Amino acid sequence: MTLPEKPQPPAGENSARESSAGENSAGAGWAGEGPAARPAAPAQPTVAQLAEGYAAKAGLHRTSNGNIDVLKSAGGIQGIAESILPGLVFLIAFTVTRGLPLALVASLAVAAAFTVVRLVQRKPLTQALAGIAGVGLSAWLANSTGKAEDFYVPGFFTNIAYIVAMAISIAVRWPFAGLIFGFIRNEGLDWRKNPARVKAYRIGTWVIISVLALRLLVQVPLYFMGEPGFAALATTRLLMGAPLYILGIWVAWLLTRPAPAATGS
C-alpha cells in the first residue's frame, strides 16, 4: 500500500520562509554586534598605578630581604661609571691640554662608547641615552660660550627642577620619598592613610632635597669664580654626583622605615 505523499508548499513560499529566516539570523547577528562588539574604552591609570610606574622607571630595586638595593638603584657599577667618567675625562683632558674643544670631544666620545657597550650587551639604553644627551647639551653650551665652567651649568638647572618638584610633592601631601619607597616596601599608597608614615616620608623627601641643595650651595659659588674655580667645581661635581646621591637615598630609606609592630607581652 502506498502512503499518500505529504503536500509540498509552493516554491515561492519556501523561498519566502528561507529569506525570512535569513533576515532573522542577520538581525540576530547585528544585534549581537551591538554594545558587546564595541571595544571597551581603555581605563585611565589610577594615581597608584602612575606612582608604581614612576618607581619602576626611576630604577629603584630592592634586595631579597626587602631593603633597597642602593647600588643597583644607582645603575650598578656600569651606571655609576656612565655618570662619572664623561665628566672625569673632561676634567683631565682640559686640565692637561687647556683645549676646550678637545676636552668636549673626549667627553662626548666616552658617553657614546657607553651607549655602544649597552647596545652590544643588549641592555636598556635609557640611562646611556640620557647621559649622552646631558653631555651633549653641556658640551654645546660650553663650546658656545668658550667657557669650560659652563659645561656644568645644565646640572644646576636639573637640581633646581628636582628641588621644586619635590617641594611641591611635600606641599600637596604626596612626598616624593613615599611614592618611590612605598612600593618597594609593599605599602602601595596605604601609607597616606597613616599620618605618621606621611610625616616620615616628608622627612625622607627633605633629606633628598638637602642633598640637591647642598650641591648648589657648594658648586654655584665655584662656578662664579670663573676659570680659577674650574678644577674645584669639576672635582666637587664628581664627588657630589652619584656618591652623594647614593648616600642621600640610603639615609632617606633608613629614616622612613616603618616602626616595628608591637608584640603582645
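Buried means under 20% relative accessible area, exposed means over 50%, and partly exposed is in between (1.4 Å probe, protein chains only). This is a predicted model, in which local features need pLDDT of at least 70 and side-chain atom pairs count only at pLDDT 80 or more, while totals for chains, interfaces and linings use all residues. Residues are numbered from 1 along each chain as its sequence is written, and side-chain values use heavy atoms, with hydrogens and water left out.

**Figure 1. The whole chain is built from 11 helices and zero strands.**
Helices (H or I, at least four residues) and strands (E, at least two) are DSSP runs, numbered from the N terminus. Walk along the sequence and you get the pattern α-α-α-α-α-α-α-α-α-α-α. The chain has 265 residues, and 36% of them are buried. Contact means heavy atoms within 4.5 Å. Take the contacts between residues at least 6 apart in sequence: 64% of these join residues at least 24 apart.

**Figure 2. Helix H4 has a kink at isoleucine 84.**
With 22 residues, H4 spans 32 Å from its first C-alpha to its last, close to the 32 Å expected at 1.5 Å a residue. The expected span is 1.5 Å times one less than the number of residues in the helix. The kink at isoleucine 84 is about 30° and comes shortly before proline 86. That bend is the angle between axes fitted to the seven residues ending at a residue and the seven starting there. Buried residues of H4 include Ile80, Pro86, Phe90, Leu91 and Phe94. After H4 comes arginine 98, with a positive phi near 55°.

**Figure 3. Zooming in on H4, here are glutamate 82 and glycine 79.**
Is glutamate 82 buried or exposed? Its relative accessibility is 10%, so glutamate 82 counts as buried. Setting aside neighbours within four places in sequence, glutamate 82 touches Phe114, Arg118, Gln127 and Ala128. Glycine 79 is buried too, at a relative accessible area of 0%. Between glycine 79 and glycine 131 there are 9.7 Å in space, C-alpha to C-alpha, although the two are 52 residues apart in sequence.

**Figure 4. Helices H5 and H6 pack at an angle of about 170°.**
Two packed helices are described by the angle between their axes and the distance between the axes. Axes are lines fitted to C-alpha atoms, for helices over the stretch in contact, and angles run from 0 to 180 degrees between N-to-C directions. H5 covers residues 100-121 and H6 covers residues 126-145, with their axes 9 Å apart. That angle makes H5 roughly antiparallel to H6. On the H5 side, the contact includes Leu104, Leu108, Phe114 and Arg118, and on the H6 side it includes Gln127, Ala128, Ile132 and Val135. For angles, under 35 degrees counts as roughly parallel, over 145 as roughly antiparallel, 65 to 115 as roughly perpendicular and the rest as oblique.

**Figure 5. Helix H9 packs with H11 and with H10.**
The axes of H9 (residues 195-224) and H11 (residues 242-255) come within 8 Å and cross at roughly 165°. H9 is therefore roughly antiparallel to H11. Their crossing is right-handed. Among the residues that meet here are Ile203, Val207 and Leu214 in H9, and Leu244, Tyr245 and Ile249 in H11. H9 also packs with H10 (residues 230-239), at an angle of about 155° and with axes 8 Å apart. H9 and H10 are therefore roughly antiparallel to each other. The crossing of H9 and H10 is left-handed. Val218, Gln219, Leu222 and Tyr223 of H9 make this contact with Ala232, Leu233, Thr236 and Arg237 of H10. A crossing is left-handed if the near helix is turned anticlockwise from the far one by less than a right angle, and right-handed if clockwise.

**Figure 6. Arginine 173 and asparagine 186 each have a positive phi.**
Most residues other than glycine have a negative phi. Arginine 173 comes just after H7, with a phi of about 65°. It sits in the loop between H7 (153-171) and H8 (176-181). At 43% relative accessibility, arginine 173 is partly exposed. Asparagine 186 has a phi of about 60° and lies in the loop between H8 and H9. With 60% relative accessibility, asparagine 186 counts as exposed.
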